[in-house]
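Here is a short briefing to read alongside the structure. Take a look at the fold first, then follow the notes by topic.

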Amino acid sequence: MPDVRETKKRDSSRVLMMGNEAIAQGVLEGGIAYATGYPGNPSSEIVETLFKYKRSHNVCVEWAVNEIVALEAAAAFSFAGQRAVVTMKQNGMNVCADFLTTVCLNKLPGALLVVVCDDPGPLTSSNEEDSRHFAKIAQIPLFEPSTPQEAKDMAVAALNLSQKYGVPCLLRAVSRLSHGRGPVVTGPVKKNATPVYFDIDKPMVALPFLVTQNHSRLLGVMQAVCADFETDEFNTYSGPEDATTLVIASGQSAVYADEAIHVLNAENTVGLLKIGTVFPLPSQLIIKHLAHAKDVVFAEEVDPFLEEAVKVVYAENQFVLNTTRFFGKRNGWVPGVGEMNTTILVKTFSRLLGKKVAVESGIPEKLKSQAQAMLIPRELSFCQGCPHRASFFAIKTALKLDDRQGFLVGDIGCYGLGAGATGFEQIKALHCMGSGMGNLNGFSRLAALGFDQPVLAAAGDSTFFHAGLPALVNAVHHKMNAVFIILDNSVTAMTGFQINPSTPDNFPGAEQTVSIEKTAEGIGAITSVIDPVADLQKAIDAILKALRLEKGVHVIVFRHPCATYAIKKMPNPEPSVASIDSKKCLAKTCGCNQFCSRILNCPAISVDAASGKPCVEAQLCTGCGLCVQVCPQSAIRLKKAGDFEK
Amino acid sequence: MKQSINTIITGVGGQGNVLAAKLLAAAALADGWEVSVGDVYGLSQRGGSVASHIRWNRDRMMPPLVPEGDLDFLLAFEPLEALRIMTQYGNKHTVVVVNDHPVNPVGVQAGRFLYPDVEALYRLLEKMSKKVWWVSGTDTAKSLGNIQFLNTIMLGTFFATGQLGIRAELFEDAIRQTVPARYALPNIAAFSRGKALCSRQ
């Protein structure tokens, strides 16, 4: 194989970048002055990357308390003629939608880019919402990159387009792109030279009597954008000029489609139209390619967004087009749920083309079933030393002692694992940020119908400020009887240990701390703060007391720093480890049902196969001491880490 | 028609999977290949299954996921995870390099599951694949004084066994460029130790 590699070897400007790093590079090249957002997989690394360039590129970078505050703050930069970016995962779009669907009516003097990272077939989400719909709702341009290089280039292009037309732009990535890595050729970082100025003669308002005229202006802008998109370089076609089978694909799915066509050796028969500027859809480009197509297949994630838009174009132009058959999510030729991949498209294309699949057949069924018999799960669990293990143990014990069929409602974050075995299956309702606290408002009102099961709501520290505050105010305002438990581990752990308002100011990188207990007290809740890891019994008693007192709104803050964060960033200078006295431990004959190993599910405690007795893996143990407190034989003690071997 | 070399590096969270993938991909890129990497991990911060898909070819961008059944090389830091990936992505031509040290899932530690018989697992891997290199990576890392070297040791063996099409010296360059200076030399030494483990088999 000739020169291609030789040329590339010399091209030192190619760097391997994660999709999210490429987006960060793109917004820097696009001249942003401000970057913010709310952490959420798979989007978090964009702002995390930008933090590294905060000083060198003179960009203001900060996490916001939630997505709508982030978007409103970023918009202010665009009101003052500057360029700004705001990042989030798909769920965050719902949170900021209220502002997005009104700010789109104003002509922005600067540029505003919303980057959303969707999670199809979710790896780390509670839904697989397709954020592209928000482009249509707000009537704003939508870019969908398919490679890290394109993600970088589109971030620059979207900022330029936003400034050109004074309209916010949406850039939509998916997990595989955000967390995938590929070669990227970078460009120069643009210095922002626009004067910072807010023209008070051009107020940014969306008052009722202005809405229709502004909406009309916006639709006109979108027509102009559409005209630009007709010839945009992000929309490409490969394959024979007059291909009768046409694949229309967007985003990551375009790369899967390209590979599937290659696998089937169908490059000379199938055309691939990759759409990078998905909304407003460049209809003339679509018509041009529909003109030669008899069969059209769609490849996209998750909803048939592109598919439906193309069908509208087809319907509107049917009088000039041939009869075309469509194959996509709407007629089941492509799965309507979950993540796309090459294999799915190979199956769809080969079925359509009547071709036999020539790919490797994989492992024979017989060996596969032998393997499946061996493949025990690697279950999710709280990390060793995780304070949530103590909190959920306290909740479980208190509800058991209370004995009235009580239960816990919660939301998302590391503590969402509390719905599974590692959290003793305590969470019985779990949806979105702060949802448990809102649910509890309703549960507390069910008493009027004779409902007598006690209900607790849990939320994390960052969640409390993100979405929990309104629910707490509502409960106090309506004089409800409710017990809220705030699981405060000092950082936003699940998404990579981000600093949040509750982070103590002695933590590295922390800013001004906002006290959860003072906030709750100020709202009017009966508030207490307990370290559940240091004193499990006290944590149990606090819940029981609040449940039995019944009157009023109670906020119990369970505070103990995230153990994994602590090991990374603030290691204990005198670490201790648990040590089990095998003489005192009665193992299976104790009647404790193996609290320390089987019940607590701590990664640092395992059962010795030969003796049936639990033992501590000193390398893993964080010395949190929870097992010490639950052992009925007092067989576990904490020792200084160095003394362990003696 | 085969379009790219498909590799998966798998293990358990905390074993240095993602860094290993990053280094391998950087070396492939420096050798003039098109490269695509996808890290696959779930919710758990620690202890869960992790897999990085690394694909390289001459001239076109690939999706960051290896198509099921189309795996060429598997580098596994843990035997159970080797079997998990092999079952989904492997085929009879796959070359497997696997660390022989099991890491118990939390369910095994708690006594709810039994870890499969390692000998039986090994024999099954052999039946499934073209060749299995069974490497004492964890023991070697311990002998070097730091379990964190497991990933570079295993990559050393991996380079010595497979026809990866990537020059090993470019991998050493990748270590120098990615790893903090004080860890670069020990990691390159660990890489060499890993290479030597291959020749002993």
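Helices here are DSSP runs of H or I with at least four residues, and strands are runs of E with at least two, numbered from the N terminus. Counted that way, chain A has 22 helices and 24 strands. Please keep in mind that this is a predicted model.

**Overall shape and surface**

- The radius of gyration of chain A is 28 Å, which agrees with the value near 26 Å for a compact globule of 646 residues.
- Along the principal axes, the C-alpha atoms of chain A fill a box of roughly 85 × 70 × 60 Å.
- Of the 646 residues in chain A, 57% are buried.
- Taking contacts in chain A between residues at least 6 apart in sequence, 80% join residues at least 24 apart.
- Chain A has an accessible surface of about 26,800 Å², and carbon and sulfur atoms account for 55% of that surface.
- Chain A carries 60 positive and 62 negative charges, and the mean positions of the two sets are 5 Å apart.

**Aromatic pairs**

- Rings whose centres lie within 6.5 Å count as a pair, and there are 19 aromatic pairs over all chains.
- One of them joins A:Phe143 and A:Phe229 edge-to-face, at 5.6 Å centre to centre and with 75° between the planes.
- Because A:Phe143 lies in strand β6 (residues 142-143) and A:Phe229 in helix α9 (residues 208-229), this pair ties together parts of chain A that are 86 residues apart in sequence.
- Both A:Phe143 and A:Phe229 are buried.
- The rings of A:Phe298 and A:Phe326 are stacked, because their planes meet at 15° and their centres are 5.9 Å apart.
- This stacked pair links strand β13 (residues 295-299), home of A:Phe298, with strand β14 (residues 325-327), home of A:Phe326; the two residues are 28 apart.
- A:Phe298 and A:Phe326 are both buried.
- Ring pairs also bring A:Phe143, A:Phe229 and A:Phe234 into a cluster.

**Backbone details worth a look**

- A:Asn41 and A:Pro42 are joined by a cis peptide bond with omega about 5°, and A:Pro42 is found in the loop between β2 (34-37) and α3 (45-52).
- From A:Glu301 to A:Val302 the peptide bond is cis, with omega near -5°; A:Val302 is in the loop between β13 and α12 (305-316).
- A:Gln405, although not a glycine, has a positive phi of about 60°. A:Gln405 is in the loop between α15 (387-402) and β15 (407-410), and is exposed, with a relative accessible area of 64%.
- A:Gln594 is not a glycine either, yet has a positive phi of about 55°. A:Gln594 is in the loop between β21 (576-580) and α21 (595-599), and is buried, with a relative accessible area of 14%.

How values were computed
Residues are numbered from 1 along each chain as its sequence is written. Chains are lettered from A and ligands numbered from 1 in the order in which they are written. This is a predicted model: local features need pLDDT of at least 70, side-chain atom pairs count only at pLDDT 80 or more; totals for chains, interfaces and linings use all residues. Side-chain values use heavy atoms; hydrogens and water are left out. The radius of gyration is taken over C-alpha atoms; the globule rule is 2.2 Å times the number of residues to the power 0.38. Buried means under 20% relative accessible area, exposed over 50%, partly exposed in between (1.4 Å probe, protein chains only). Contact means heavy atoms within 4.5 Å. Accessible areas come from the Shrake-Rupley method with a 1.4 Å probe; for residues, only the protein chains shown count as cover. Lys and Arg count as positive and Asp and Glu as negative; His and the chain ends are not counted. The place of a charge is taken as NZ of Lys, CZ of Arg, CG of Asp or CD of Glu. Rings of Phe, Tyr and Trp (its six-membered ring) pair if their centres lie within 6.5 Å; planes under 30 degrees apart count as stacked, over 60 as edge-to-face and the rest as tilted.
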